[in-house]
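Q: I would like to take a close look at a single part of this protein. Could you walk me through it step by step?

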Amino acid sequence: MANRCYLYSLSGCSDVDGIKITGLSESEYNIPLIYRILASVNPIASKSVVFDSEEKIAITADYAGGVQKLSEYFSRLPEKYRNKADKVLSFLRDEKNAQKYIQLECTEIFWIEDAPVQNQNIALVEELLGIDSVIEKSLEQIKNGDEFDLRELDEEYWTNILFYTQSTSDEDEIQ
């Protein structure tokens with residue numbers, strides 16, 4: 001099994017029963033910059049919607065604010081990326097996907113390291129609070145031909161069908 005991180009939209013806080021959870025994207029073996037930008041507006045450590053844990057091993061953030069910040073990042077990319085970036089934004093702005101919160105789930109990525117998952121998650125929240133310097137570095141790297149931070153622009157990454165799906169008949173659960 002590949003270690004993945006997952007991105008979901010939530011209608012409410014992750015520790016509340018009965019919220020609508022919609023899968024948005026997943027990526028293997030890293031935490032993409034695009035995901036980190038989306039989760040960078042008012043991020044807080046929160047309970048997972050994927051793993052049964054009382055620890056705060058996920059990150060919940062403002063969905064609309066994250067999409068706006070991503071849109072600003074995309075607007076600074078070279079023209080050749082604009083079409084793919086517009087498709088990602090259209091997917092994120094679609095009413096079936098856009099909700100109050102965005103949830104970033106990185107537990108499987110954190111398992112690669114020896115440090116406790118909750119500690120790594122707290123460190124990621126801290127990183128997200130300083131994302132602007134990471135964005136500037138990324139834009140400089142892209143200008144110099146390094147496209148790693150743009151891998152997740154491809155349409156295959158943006159789907160409501162993710163590797164992890166809860167087995168339930170309740171349509172308000174992970175889809």
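Which residue in β4 is the bridge partner of Ile44?

A: Happy to help! This is a predicted model, in which local features need pLDDT of at least 70, side-chain atom pairs count only at pLDDT 80 or more, and totals for chains, interfaces and linings use all residues. Residues are numbered from 1 along each chain as its sequence is written, and side-chain values use heavy atoms, leaving out hydrogens and water.

The bridge partner of Ile44 in β4 is Thr60. Strands here are DSSP runs of E with at least two residues, helices are runs of H or I with at least four, and both are numbered from the N terminus. Two strands pair if DSSP finds at least two bridges between them. β3 and β4 pair in the antiparallel sense, over three bridges. On to β5 (residues 101–105): five bridges join this strand to β4, and the two run antiparallel. Thr60 turns up here too, standing opposite Gln103 in β5.

How enclosed is β4? Four of its five residues are buried (under 20% relative accessible area, with exposed over 50% and partly exposed in between, using a 1.4 Å probe and protein chains only), so β4 is largely enclosed by the rest of the structure.

Now look at the loop between β3 (44–46) and β4 (58–62), where Phe51 lies. Phe51 and Trp111 form an aromatic pair, 5.3 Å centre to centre with 65° between the planes, which is edge-to-face. Rings of Phe, Tyr and Trp (its six-membered ring) pair if their centres lie within 6.5 Å; planes under 30 degrees apart count as stacked, over 60 as edge-to-face and the rest as tilted. Trp111 lies in the loop between α4 (107–110) and α5 (117–129), so the pair ties together parts that are 60 residues apart in sequence. Trp111 itself is partly exposed, at 44% relative accessibility.
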